[in-house]
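Reader: I'd like to learn how to read the empty spaces in a protein model. Could you walk me through this one?

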Number of protein chains: 2
Amino acid sequence: MAHISLPEGLPGIRGPLAFRPETAKPLSDLAEALLRGPSTLTPAERELIATHVSARNDCAYCRESHGAVAAALLGDDSVPRQVATDVENAPVSDKLKALLVVAGKVQQGGKSVLSEDVERARKHGATDLEIHDTVLIAAAFCMYNRYVDGLATWTPTDPASYRERGALVAREGYTGVLSRIREQTGTSDPRR
Amino acid sequence: MAHISLPEGLPGIRGPLAFRPETAKPLSDLAEALLRGPSTLTPAERELIATHVSARNDCAYCRESHGAVAAALLGDDSVPRQVATDVENAPVSDKLKALLVVAGKVQQGGKSVLSEDVERARKHGATDLEIHDTVLIAAAFCMYNRYVDGLATWTPTDPASYRERGALVAREGYTGVLSRIREQTGTSDPRR
């Protein structure tokens, strides 16, 4: 059971997003800008970074949700599964491997990111903007993961629900998700 | 030296905010909603939560910055200093002590927050919304701290600069800070 009374039937982050619309808006805008906005990293690459960090933070809801978005974008669910646990042997580019290592260091703590980690990414073609976005995606999932688990929200165990939602987010993005929560709870502020 | 080329002369998070305006907007909106928006926790109480989490994450820039905002709001700089390191003996209410313990658990990881931690806060009068906001402030500073240190941004060592900026944020809030960065860098998008 969640630590506070959340709207019923909404899994993971969707419960607290519905509970507190004032913070839901910037949280969704940040996810949209980071994971779907203009970038030279593909949406799938960014979802894989989110999946890896969520796995490291042991946040099953975020790992499964973002793994499912990556799977929908790639048409392959083996890649997110491997990126979650074994970056060096995952079937991704050398650049993305190096960025995933940077993301893993951010998950440990900001000061864990070393110049040589950044240099490795740069050697494989990563730009300043890509390094910036990797650090911020990893940092942001250290927030989202703690938000989801720190309130003890509901984590569905049925893989089909993640697949369905992953396909939806792949199509509509994160701003779309927020509109759907509002529709589902029947008002623009579901607490009222 | 920072891991990427950031606009010069901007300390801490202000460098990356200027570097990437698309993510600066939701990051500032989130800080404004969490730390200054409508809440039954005072702005000073919320800044103390931010200070405590930043101290636990060993992020000197955020600890000093938010400690200085709390000091400006309280007219006393000893309280944030004590809250940073010694919650149980800090001169704050029992409710805030209990919420600071919840925030410290979130810093360790979402699953570290136990029902008894939440119950302690509730026993001292904390509402669901206050518990929600404490968890999200703590989670958000696990992001901001990693963003600042994961890019190895510039941490000024002069206490006066934090005091001056703390007083400014106490007066103008976080949306005001973003406008000032835009003015200082001379354009709405400082990279262009």
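Author: Let's start with the largest pocket, which has a volume of about 540 Å³. A pocket is an open set of points on a 1 Å grid over the protein atoms alone, with protein on both sides within 12 Å along at least five of seven lines. Grid points are joined across faces, edges and corners, and a volume is the space filled by probe spheres set on the points.

Reader: Which residues are closest to the centre of the largest pocket?

Author: Lining residues have an atom within 4 Å of a point. Here 29 residues line the pocket, and B:Arg14, B:Tyr61, B:Arg165, B:Val169 and B:Val177 are the closest to its centre. By class, the lining has 20 nonpolar, 5 polar and 4 charged residues. Ala, Val, Leu, Ile, Met, Phe, Trp, Tyr, Cys and Pro count as nonpolar, Asp, Glu, Lys and Arg as charged, and the others, Gly among them, as polar.

Reader: Which element gives the largest share of that lining?

Author: That's α9(B), with 11 residues. Helices are DSSP runs of H or I with at least four residues, strands are runs of E with at least two, and both are numbered from the N terminus.

Reader: Before we go on, how should I treat the model and its numbering?

Author: This is a predicted model, where local features need pLDDT of at least 70 and side-chain atom pairs count only at pLDDT 80 or more, while totals for chains, interfaces and linings use all residues. Residues are numbered from 1 along each chain as its sequence is written, chains are lettered from A and ligands numbered from 1 in the order in which they are written, and side-chain values use heavy atoms, with hydrogens and water left out.

Reader: How many cavities are there?

Author: Rolling a probe the size of a water molecule over the atoms shows where empty space is left. In a cavity, a 1.4 Å probe fits but cannot get out. There are 3 cavities of 30 Å³ or more, and the largest has a volume of about 310 Å³. Its lining has 21 residues, with A:Ile13, A:Tyr61, A:His66, A:Tyr174 and A:Val177 nearest the centre. Of that lining, α9(A) gives the largest share, 7 residues.

Reader: And what is chain A built from?

Author: Chain A has 9 helices and 0 strands. Its C-alpha atoms fill a box of roughly 55 × 35 × 30 Å along the principal axes. Buried residues (under 20% relative accessible area, 1.4 Å probe, protein chains only) make up 59% of its 192 residues.

How values were computed
Buried means under 20% relative accessible area, exposed over 50%, partly exposed in between (1.4 Å probe, protein chains only).
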